[in-house]
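Open the model in your viewer and keep the selection box handy. We will go from one selection to the next, and at each stop you will hear what is there.

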Amino acid sequence: MDRRRLALVRGGEEMGFRRVGSGYLVAPRLVLTARHVAQDDGGTTWPCIDVRVGHPQDETRRSRASVCWTHPDGLDVALLLLDDPVVVPGDTVRWGRPVGEDPLPYDALGFPWASAGHGRRRAEHLRGELPVLGGGSGDQDLYVLDQGPAPGGTKAWAGASGSAVFCRDLLVGVVIHDDVAFGNRRLHACPARSFVGEPGFAELLEDHGGGRPRLSQVGTDLDRYLRAARLAAVEHPYPGVVPGIMPPLAHIYVRQQVVRQKFPVENRSRETGFRAEGPLAVSPPQPADEVLTGDGTCLVVGGPGGGKSSLLRTWLTHGVTQWLDGSDAGTHAPVLVSAAALQGAPLSRALVDAVNAQLRQYGLTRPLPDAFFADAPGPGRGWLVLVDGLDEITNPAGREDVLRTVAHAGGQYTFIVAGRPVPETESGLLGPQVPRYQLEPFDTHDLQRVATGWFRALGVPEPEPTAAHFTAALGTAGLTELARVPLTMSMLCQLRAEHPGEPLPRGRGEIYRNFVELLHERQYAAGAVAQARAAMSQYGSEAEAGAERTVESLQALLAHLAHQLLLTDHPDRPALDIVRHHPSAKRPAAVPERRWRDFLASVLCGTGLLTRRSDDLVFTHRTLVEYFGARRVVDDEERLGVVFRKAFVRRARLIPLLKHQAMGVSPRLWFSTYWIPPGDDPFAGFLLDLTPDDHPLKEKFLGGMASRRAGLDGYLFLAQQVEMGTALPKHIISRTVTLLRQAARDQSLAGIIRMIAAETLLQIVQTDGAALLKELVHDPAMGDFSRLKAAKELIRFSPAESIGHLRELAQDTTLSSYYRREAMLISAEIGQIAGIEPPPALALDTSLDGPHRLEAARVLARIAPGTAAERLRSLVADHTADTHHRLYAAQALMELAPTEGATLLRAFALDPAVDGFERVQAAADLSDIDPSGTSELLTRLACDPELDTKDRLWAAQRLLWHDAQLAQPVLRELRTDTALSKKHRRQAARLLAGKRK
């Protein structure tokens with residue numbers, strides 16, 4: 001409902017107006033109203049009709065009008081044609097038809113007599129419920145409108161006739177009269193479904209720029225779901241926001257980039273046997289919303305706080321809005337669920353259970369039916385299932401169960417699965433056809449824009465210059481890389497807005513500590529203790545004291561909860577069950593169990609750190625669990641010693657036969673002991689961050705990691721901690737950088753080890769790591785595999801430079817043909833995305849093996865068909881190449897240049913120097929473009945006595961498949977040809993009899 005389209009309609013004679021009603025502008029010159037507003041009591045149209053368009057509080061436009069359409073069956077509805085057009089920017093009016101059983105809320109704007117004052121009409125907002133099952137048939141086929149606020153007096157609704165009735169932004173009817181039997185509490189409306197399909201109405205609307213009217217159902221289960229999902233996407237708390245100041249996600253969201261990745265089919269170095277860990281980037285960064293279109297299933301991985309959930313919620317909001325606004329053509333209906341919700345139940349049932357629980361508090365008061373997601377949302381449509389938090393399933397078997405569900409779902413489902421990186425053995429369950437994307441952190445150039453959005457949303461004066469100073473301060477404090485993580489950036493912005501004069505935190509642990517303290521301050525400032533006592537006052541002083549004790553112990557309760565979720569054998573226990581067994585949350589005897597659980601849920605959600613999910617509470621982000629879990633450990637020295645040793649002190653012996661246990665370690669240190677670093681675990685980072693730097697265990701562990709004995713295992717761990725924002729001592733970082741430089745240049749190490757050292761350095765000092773990778777690309781001692789991988793790793797640093805190095809490798813004849821071809825193909829794919837011209841004509845290089853030249857040409861034919869034809873021609877003409885490769889090149893050329901390709905294939909079929917089988921294949925490949933030529937060639941080959949008998953029989957069989965009638969005499973001749981063996985003559989007879997073998 002658009003207030004700018006409201007119309008006051010007055011009808012009468014030149015001497016004065018006799019009737020007043022309402023209307024709605026449905027096109028620049030068309031106003032929809034009730035027919036009786038424009039006519040006198042005898043049904044004669046008023047000679048003078050005046051229309052004022054616009055809300056009285058806004059600018060209005062007046063115009064004379066005339067009746068241009070009334071319903072042929074006499075329904076009380078009409079269109080008025082304005083003398084002067086009134087243009088209202090925005091979308092055209094959308095029409096609806098209420099369905100289902102539940103009453104629907106409705107809205108309308110009109111000018112009833114009850115709102116008139118001092119001789120002028122004021123606009124009244126009509127609102128209430130439309131009971132869909134109300135109404136009758138024939139002339140009683142009207143919508144019943146149960147009005148909310150009802151005026152008193154007689155003829156109170158006079159003037160409301162003609163008001164457009166809206167249900168959820170869809171125009172569903174026109175008010176025509178009140179129902180006197182119900183006083184002033186009920187109105188009747190003429191349904192839009194009874195007149196929008198009338199040809200005269202539809203043609204007028206379309207001719208005057210209102211678009212062809214199309215009725216959309218409102219009140220269906222799908223409609224109920226979409227509206228609740230949109231409300232949840234807008235209002236549901238997102239992580240890292242102080243309660244009470246949460247701006248809409250759309251106001252502060254900055255779209256991120258994704259990088260396409262893959263696990264290579266051949267991911268093992270031929271030189272070393274070392275299996276490269278992790279996926280390889282195969283494209284430069286691209287905008288996520290341009291890549292993740294929902295057309296196919298994909299996996300999106302990103303680091304902690306990297307924006308995965310915000311990406312999915314933004315996708316949900318966009319998709320749901322498209323469906324509700326009617327612009328959903330060709331799209332799937334989105335549904336957002338946690339990965340944990342998909343475990344242990346059939347997909348459609350798991351989806352409906354999760355959605356019913358999640359959206360109950362957002363207007364989905366009646367559950368969706370069990371089969372709701374089992375059916376497609378519409379003809380030719382499907383469901384886009386947005387699966388969040390795959391990594392939050394701590395059990396590998398549970399993750400595999402979800403991934404198998406995704407892989408084997410029906411064709412009506414498409415998935416975007418998001419989470420932290422998972423092992424290849426798990427993600428591989430989705431199949432090689434499912435693309436994998438790495439969600440990139442913010443670009444450094446985006447940080448000021450992100451900060452400006454936050455400061456503007458938080459009401460900070462002069463947000464633009466404040467953001468500029470803030471981002472400069474981040475650089476000075478060494479926090480720029482950490483600020484690229486969306487969750488961390490949101491915390492930093494809120495901390496700066498709240499305490500602009502304080503120094504910036506030192507690292508990730510301090511950021512979380514300060515932010516949690518800010519949340520706590522906010523909760524206390526809002527009177528949390530007084531509110532808690534008041535909530536329990538009816539149960540006596542003991543209950544009030546218990547509530548106060550609980551609120552004052554919230555930080556300890558959160559740490560206890562996180563510790564139980566992370567470090568115990570029962571991580572799936574409901575959060576409220578864990579909290580209520582803590583001494584500080586003990587229920588006072590006088591308080592009922594249910595009431596106390598509700599109180600605990602309320603105060604825990606009030607922290608801004610937990611939110612409701614189904615019937616339980618969850619932390620708003622996984623990293624908060626890890627932070628509080630580490631905090632619980634560090635606060636107890638005895639517990640710290642136990643957990644620290646369990647997490648970090650894992651001794652092993654360096655065994656050279658197990659390459660991954662001695663990466664980059666000098667032979668003189670083999671068989672000595674060292675500490676195995678933990679995996680990529682953010683909890684370990686928080687534990688290091690919160691443990692004092694002078695703690696003996698921390699000093700000993702970090703010193704061991706930054707040593708030659710730890711090798712690449714230790715360096716990789718420390719680099720990961722730097723990338724996550726763990727505040728490591730400066731001397732540890734400096735030592736690690738030195739060791740990585742030395743390892744990358746140590747020619748006694750395997751090439752893959754040197755490459756990984758440079759790649760790891762890229763995470764700590766980007767420019768140094770990139771410079772080393774460039775050196776290694778052109779170092780022949782590295783080996784082909786490692787040189788190619790070094791060039792690929794440069795993609796994220798500079799796609800243009802990476803393409804240049806890949807092209808140089810493609811032209812380097814010291815590399816094997818396989819790796820030269822791989823270099824060319826990767827550079828072509830990246831260049832296509834980055835808008836860079838295709839690589840040099842590698843397919844023209846005769847130093848490249850035939851099959852690799854062919855593969856290069858075929859791929860380039862797809863990427864750059866204009867240049868690929870020349871390369872295919874050169875391969876066909878190269879008599880040094882294998883014949884079958886030349887034949888395949890001719891086949892590929894026929895797709896680009898059909899006439900030329902067909903000529904070449906014919907020449908192959910007639911060339912006696914070519915193998916007989918391939919001559920037959922060349923003739924058969926002409927069938928699509930030259931059927932008669934194919935018949936002639938195959939007949940000629942089948943009857944050629946110079947051809948091997950098995951090839952003659954093969955030609956006859958291909959002819960039979962191509963043209964059975966022509967094949968009959970050829971097969972009869974072969975059946976009696978004594979030049980053929982008895983076996984081949986019998987086979988010809990079988991083919992002739994229709995018994996194909």
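Start by selecting histidine 984 and what surrounds it: histidine 984 touches Thr949, Lys950 and Leu953, leaving aside residues up to four places away in sequence (contact means heavy atoms within 4.5 Å). With threonine 949, the link is a side-chain to side-chain polar contact of 3.2 Å. Such a contact is a pair of N or O atoms within 3.5 Å; within protein, one must be able to donate a hydrogen and the other to accept it, and residues adjacent in sequence count only if both atoms are side-chain atoms. Histidine 984 belongs to helix 38, residues 982–992 (helices are DSSP runs of H or I, at least four residues, numbered from the N terminus). Is histidine 984 buried or exposed? Histidine 984 is buried, at a relative accessible area of 15%; buried means under 20%, exposed over 50% and partly exposed in between, with a 1.4 Å probe and protein chains only.

A word on what you are looking at: this is a predicted model, where local features need pLDDT of at least 70, side-chain atom pairs count only at pLDDT 80 or more, and totals for chains, interfaces and linings use all residues. Residues are numbered from 1 along each chain as its sequence is written, and side-chain values use heavy atoms, with hydrogens and water left out.

Now colour by pLDDT, the predictor's confidence in each residue, from 0 to 100. The protein chain has a mean of 83, and 85% of its residues reach 70 or more. Select residues 264–278, where pLDDT stays under 50 and the model has 29 contacts beyond four places in sequence. Residues 840–844 also stay under 50, with 19 such contacts. Where pLDDT is low, the predicted coordinates should not be read in detail.

Next come the salt bridges, 44 in the structure (a side-chain nitrogen of Lys or Arg within 4 Å of a carboxyl oxygen of Asp or Glu). Pick arginine 594 and aspartate 598, whose side chains meet at 3.3 Å, N to O. They are about one helical turn apart, because they sit 4 residues from each other in helix 18 (residues 593–605). Arginine 594 is exposed at 57%, while aspartate 598 is partly exposed at 34%.

For a pair linking distant parts of the chain, select glutamate 775 and arginine 745, with closest N and O atoms 3.0 Å apart. Glutamate 775 is in helix 26 (residues 766–777) and arginine 745 in helix 24 (residues 730–745), 30 residues apart. Then show Asp577, Arg580, Arg587, Glu593 and Arg597 together: salt bridges link them in a network.

The last stop is the aromatic rings, with 27 pairs in the whole structure. Rings of Phe, Tyr and Trp (its six-membered ring) pair if their centres lie within 6.5 Å; planes under 30 degrees apart are stacked, over 60 edge-to-face, and the rest tilted. Phenylalanine 644 and phenylalanine 701 are edge-to-face, 6.4 Å centre to centre with 85° between the planes. Phenylalanine 644 is in helix 20 (residues 637–648) and phenylalanine 701 in helix 22 (residues 696–705), so the pair ties together parts 57 residues apart in sequence. Both phenylalanines, 644 and 701, are buried.

Finish with the aromatic cluster of Tyr512, Phe619, Tyr627, Phe628 and Phe686. Add arginine 508, which lies over the face of phenylalanine 686, 3.9 Å from the ring centre (NZ of Lys or CZ of Arg within 6 Å of the centre and within 35 degrees of the ring normal).

Notes
Helices (H or I, at least four residues) and strands (E, at least two) are DSSP runs, numbered from the N terminus.
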